[in-house]
Amino acid sequence: MFFKEKQARERAVAAEAAQNAERRKVETEASKSQQVAQFLKDMLDGVGPSVALGRDTAMLREILDKTAERVGHGLGGQPEVEAELRSTIGDVYAALGDRETASMMHEEALKRRRGLYGEAHPAIAASLHSMGKLLEPLEGEKVLREALAMRKLVLGEDHPDVARSMTAIAFSLRAQGKLSEAEIVAREALALMRKSLGRDHPDVAESLLALAQAVGHQQRFGESGELHGAALEILRKVHG
């Protein structure tokens, strides 16, 4: 009897040890994947400024294409990491002017995030925001307003992401010729952006540009020029 009990205890200990080892293996692999994803995110985030500065991005584009091909294979069991990386890749494709591939990446990220988080979450709103900016202005405005409503719900009225959504909506309204409405939204976005991020942040410059376009298309060229100048000053401070 004693021998059987001893064997049972040994089997239980061995099973627990095996379970612990398997759990540690899964946690280690997840940590590695997150580190790789963060490394790629940091690297790919450099593409946008490179495009803006007119640098040759051919090598970065090649890396991006290979990353996009592989992202669905190695991270299949980690949808949160995969969605984050797909979102980053989508942003970089957008910076390179490939709107179609960018949209596909953001759609896949959105699908995974909805599977993870349900209906209302900052990450879902971020995917909607990125997708809305890539759509035609009328459809894009609808998606951007959905992102805005979700961000207000889960982040609060004064969060800078709320201002980012409003800035994007202002650009969309201007593209539709709704100039007065675009100006109102852009001014509100600018005020909120300055309140939450200060006066010398790149996103403040983006809000200034949205407002500059809205008033410029209303033939108020002097005011538009001042706003463009203010945006340029911020970008010089930030980027050199």
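This is a chat about a predicted model of one protein, from its overall make-up down to two acidic residues.

Reader: Okay, basics: how many helices and strands are there in the protein?

Author: The protein has 11 helices and zero strands. Reading from the N terminus, the elements go α-α-α-α-α-α-α-α-α-α-α.

Reader: And what share of the residues is buried?

Author: Of the 240 residues, 36% are buried.

Reader: What about the accessible surface, how much of that belongs to carbon and sulfur?

Author: That's 54% of an accessible surface of about 13700 Å².

Reader: What part of the contacts comes from residues 24 or more positions apart?

Author: Taking contacts with a separation of 6 or more, 57% are between residues 24 or more positions apart.

Reader: Let's zoom in on α9 and α10. At what angle do their axes cross?

Author: Roughly 160°, with the axes of α9 (residues 179-197) and α10 (residues 202-216) coming within 8 Å. Angles over 145 degrees count as roughly antiparallel, so α9 and α10 are roughly antiparallel to each other.

Reader: Left-handed or right-handed crossing?

Author: Left-handed, as α9 passes α10.

Reader: Which residues make that contact?

Author: From α9 there are Leu179, Ala182, Glu183, Ala186, Arg187, Ala189, Leu190, Met193, Arg194 and Leu197. On the α10 side you've got Asp203, Val204, Ser207, Leu208, Ala210, Leu211, Ala214 and Val215.

Reader: How does the contact split up by class?

Author: It has 13 nonpolar residues, one polar and four charged.

Reader: I see Glu183 in your α9 list. Is Glu183 buried or exposed?

Author: Buried. The cut-off is under 20% relative accessible area, and Glu183 counts as buried because its relative accessibility is 12%.

Reader: So what does Glu183 touch, leaving out residues up to four places away in sequence?

Author: Glu183 touches Leu211, Ala214, Val215, Gln218 and Arg220. Among these, Leu211, Ala214 and Val215 are on the α10 side of the helix contact.

Reader: Switching to another acidic one, Asp91. Where's its place?

Author: Asp91 is in helix α4, which covers residues 79-95.

Reader: What's the relative accessible area of Asp91?

Author: It's 41%. Partly exposed runs between 20% and 50%, so Asp91 is partly exposed.

Reader: And which residues does Asp91 touch, again skipping those up to four places away in sequence?

Author: Two are on the list, His106 and Ser130.

Reader: How far apart are Asp91 and His106 in space?

Author: C-alpha to C-alpha, Asp91 and His106 are 8.2 Å apart, with their positions 15 residues apart in sequence numbering.

Note on methods
Residues are numbered from 1 along each chain as its sequence is written. This is a predicted model: local features need pLDDT of at least 70, side-chain atom pairs count only at pLDDT 80 or more; totals for chains, interfaces and linings use all residues. Side-chain values use heavy atoms; hydrogens and water are left out. Axes are lines fitted to C-alpha atoms, for helices over the stretch in contact, and angles run from 0 to 180 degrees between N-to-C directions. Helices (H or I, at least four residues) and strands (E, at least two) are DSSP runs, numbered from the N terminus. Angles under 35 degrees count as roughly parallel, over 145 as roughly antiparallel, 65 to 115 as roughly perpendicular and the rest as oblique. A crossing is left-handed if the near helix is turned anticlockwise from the far one by less than a right angle, and right-handed if clockwise. Contact means heavy atoms within 4.5 Å. Ala, Val, Leu, Ile, Met, Phe, Trp, Tyr, Cys and Pro count as nonpolar, Asp, Glu, Lys and Arg as charged, and the others, Gly among them, as polar. Buried means under 20% relative accessible area, exposed over 50%, partly exposed in between (1.4 Å probe, protein chains only). Accessible areas come from the Shrake-Rupley method with a 1.4 Å probe; for residues, only the protein chains shown count as cover.
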